[in-house]
Amino acid sequence: MALDTGTEALARLAEEHVDHRFKGLPPDADGLTVAELAGQRRNLFTGGFTTPVLALSAERLEHNLALMETYAARHGLAFAPHGKTSMAPQLFHRQIERGAWGITLAVPHQVRVARAFGIRRIFLANELVDAAALRRLAAELDADPDFRFVCYVDSVRGVALMDAALTEAGAGRPVDVVVELAAGEGARTGVRTEEECAAVADAVAGTRTLRLAGVAGYEGEVPDADPEKVRTWLRRLVALTVEFDKAGRFAGLEEIVLSAGGSAWFDAVADVFAGVPDLSLPVLKLLRSGAYVSHDDGHYREVTPFNRVPAEGALEPAFRLWTQVVSRPSAEQAFANAGKRDAAYDLDLPLPQAVRPADGGPERPAAGITVTGLSDQHAWLRTAPEAELEVGDWVGLGLSHPCTSFDKWQLIPVAEADGTVVDYIRTFF
C-alpha cells in the first residue's frame with residue numbers, strides 16, 4: 001500500500017520505551033518513552049548517562065546538513081545522500097527537508113527500512129538479483145505510484161535474473177536501472193568496458209520488466225585515485241551517457257539519470273558534471289555523498305573535498321564518544337572502557353579530543369593522550385606527563401569513519417554545546 005510521509009512512523013519512534021537495549025542511557029530512565037526522556041533535557045555529563053556513550057553535536061549536525069544542501073544547489077546537483085552511513089530514518093527526513101532528492105541505499109534490508117519510514121525516492125547503488133527482494137520491490141512499485149526506485153545493473157546475467165524474478169512476480173511497473181561503469185580494472189562492481197556496457201543496455205531493452213534510466217558509478221574506486229584520474233573516469237561516465245543518448249536508448253523517459261559521488265571526490269563530480277552537454281532529455285545529475293552528515297575526526301577530515309575548495313565551507317565532526325578511565329597501571333598507560341564494540345576502528349583509531357575530570361572540573365584538551373589500540377571493551381591509552389589523567393576521568397574521543405560509528409549504537413543522544421540532550425537518533429542496522 002502507499003506510504004504516508006513517514007510522520008506516523010517517526011512518531012512511533014518517539015514512543016519507544018527506553019530499556020536495556022540502548023547502551024549509555026541513564027539507568028533511571030528505564031520505562032520512559034524516548035520522547036519523555038528527550039523532554040527532560042538531561043545533561044550528557046551530569047544527567048545519569050553511563051560510559052561509554054556516543055553523542056552527536058546538535059549544532060554541528062545542523063551545520064553539515066545545511067552546508068551540503070547549499071553545495072548541491074550551487075552546483076546544480078540533485079542529492080541522494082547515502083543512507084547506509086547512518087541508517088537513521090530521522091536523519092533521512094532531515095536530509096530530504098534540506099533539499100535531498102531521495103536517499104541512496106545499498107542492500108534490500110535498507111530499502112525496507114527506508115520504505116517503512118515513508119521514503120519515496122530510493123537509489124540503490126548496488127546490483128539487485130535477489131528474487132525475494134525483487135518480488136517485494138515489484139509489489140511496492142505496483143502499490144505506490146509515487147514510489148521511485150533506481151538500481152545498478154552490470155551484467156547480462158544480472159539482467160536475466162532480474163527479469164525472471166519480476167516476470168514471475170507479475171510486476172506491472174518496470175524497474176528503472178542504470179548501467180554501472182566500473183572505476184577501472186581491479187575496482188569493485190561495474191561493467192569494465194563501454195562495449196560491455198552497450199551489451200548490458202541491449203539486454204535491458206530486451207525485457208518488459210526493466211527500463212534503462214541512465215548511467216552511474218562510484219569514482220571512489222578509481223585505482224590509485226588522484227584528481228586527474230578521477231576526472232578522467234568521470235569524463236568516461238559522461239561520454240557513455242552521451243553515446244547512449246545518441247543511440248536512442250533513453251527514448252520514453254522524462255529525464256536521464258547520471259550519478260556518481262562519494263564523500264572524497266564530490267568536487268570533481270561537480271566540475272565534470274557541470275560540463276555535461278545538452279542531451280535529448282533533462283539530466284538528473286545525482287550526487288550520493290553520505291559521510292558528511294556526521295563527518296569525522298580522521299579519514300574524512302583528511303580527504304574531504306572542502307580541503308581543496310575552502311571557499312565553499314567546511315564540514316564539522318559531529319561525533320564524540322565519551323569513555324571513562326577505569327585503570328591507570330602506570331604513568332605511561334591508562335585504560336578506558338570503550339573498545340571495538342563502541343568505536344570505529346577500520347580506518348583509524350579514535351583520537352582523544354577532550355578530558356572532563358572526575359571531580360567536575362572544567363573540560364580541557366586531551367593533551368598528551370593517544371589511543372594505541374582497542375580491545376573489545378577497552379581503549380589502550382598512552383599518556384605523556386602533561387596528560388594528568390586520573391581514574392574516573394571522562395575522555396572524549398573523535399572517531400574516524402562515520403559508517404562504522406553509527407552501526408554500533410541503536411539510540412544516539414543529540415547534545416547541544418553545553419551538554420543538554422535535546423533528541424535521540426534511532427538507527428536500524
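**Entry 1: two helices**

At what angle do the axes of helix H3 and helix H4 cross? I looked this up in a predicted model. The axes of H3 (residues 58-74) and H4 (residues 89-97) cross at roughly 45° and come within 9 Å. An angle from 35 to 65 degrees counts as oblique, and H3 and H4 are therefore oblique to each other. I also noted the hand of the crossing of H3 and H4, which is right-handed. Next I checked who makes the contact: H3 brings Leu61, Glu62 and Leu65, and H4 brings Leu91, Arg94 and Gln95. By character, the residues of this contact of H3 with H4 split into 3 nonpolar, 1 polar and 2 charged.

**Entry 2: the sheet**

I then followed the strands. An open sheet is formed by 8 strands with parallel pairing, and I read their order as E2-E9-E8-E7-E6-E5-E4-E3. At the edges I found strand E2 (78-79) and strand E3 (103-105), each pairing on one side only. I picked one pair for a closer look: strand E6 (residues 175-180) runs parallel to strand E7 (residues 210-216), with 6 bridges between them. For aspartate 176, I found arginine 211 in E7 as the bridge partner.

**Entry 3: aromatic rings**

My last search was for aromatic pairs, and the count came to 13. I opened the one made by phenylalanine 45 and tryptophan 394: the ring centres are 6.0 Å apart and the planes stand at 65°, so this pair is edge-to-face. Happily for my notes, it links distant parts of the chain, 349 residues apart. Phenylalanine 45 sits in the loop between helix H2 (34-40) and strand E1 (53-57), while tryptophan 394 belongs to strand E16 (residues 394-398).

Key: Residues are numbered from 1 along each chain as its sequence is written. This is a predicted model: local features need pLDDT of at least 70, side-chain atom pairs count only at pLDDT 80 or more; totals for chains, interfaces and linings use all residues. Side-chain values use heavy atoms; hydrogens and water are left out. Two strands pair if DSSP finds at least two bridges between them. Helices (H or I, at least four residues) and strands (E, at least two) are DSSP runs, numbered from the N terminus. Axes are lines fitted to C-alpha atoms, for helices over the stretch in contact, and angles run from 0 to 180 degrees between N-to-C directions. Angles under 35 degrees count as roughly parallel, over 145 as roughly antiparallel, 65 to 115 as roughly perpendicular and the rest as oblique. A crossing is left-handed if the near helix is turned anticlockwise from the far one by less than a right angle, and right-handed if clockwise. Contact means heavy atoms within 4.5 Å. Ala, Val, Leu, Ile, Met, Phe, Trp, Tyr, Cys and Pro count as nonpolar, Asp, Glu, Lys and Arg as charged, and the others, Gly among them, as polar. Rings of Phe, Tyr and Trp (its six-membered ring) pair if their centres lie within 6.5 Å; planes under 30 degrees apart count as stacked, over 60 as edge-to-face and the rest as tilted.
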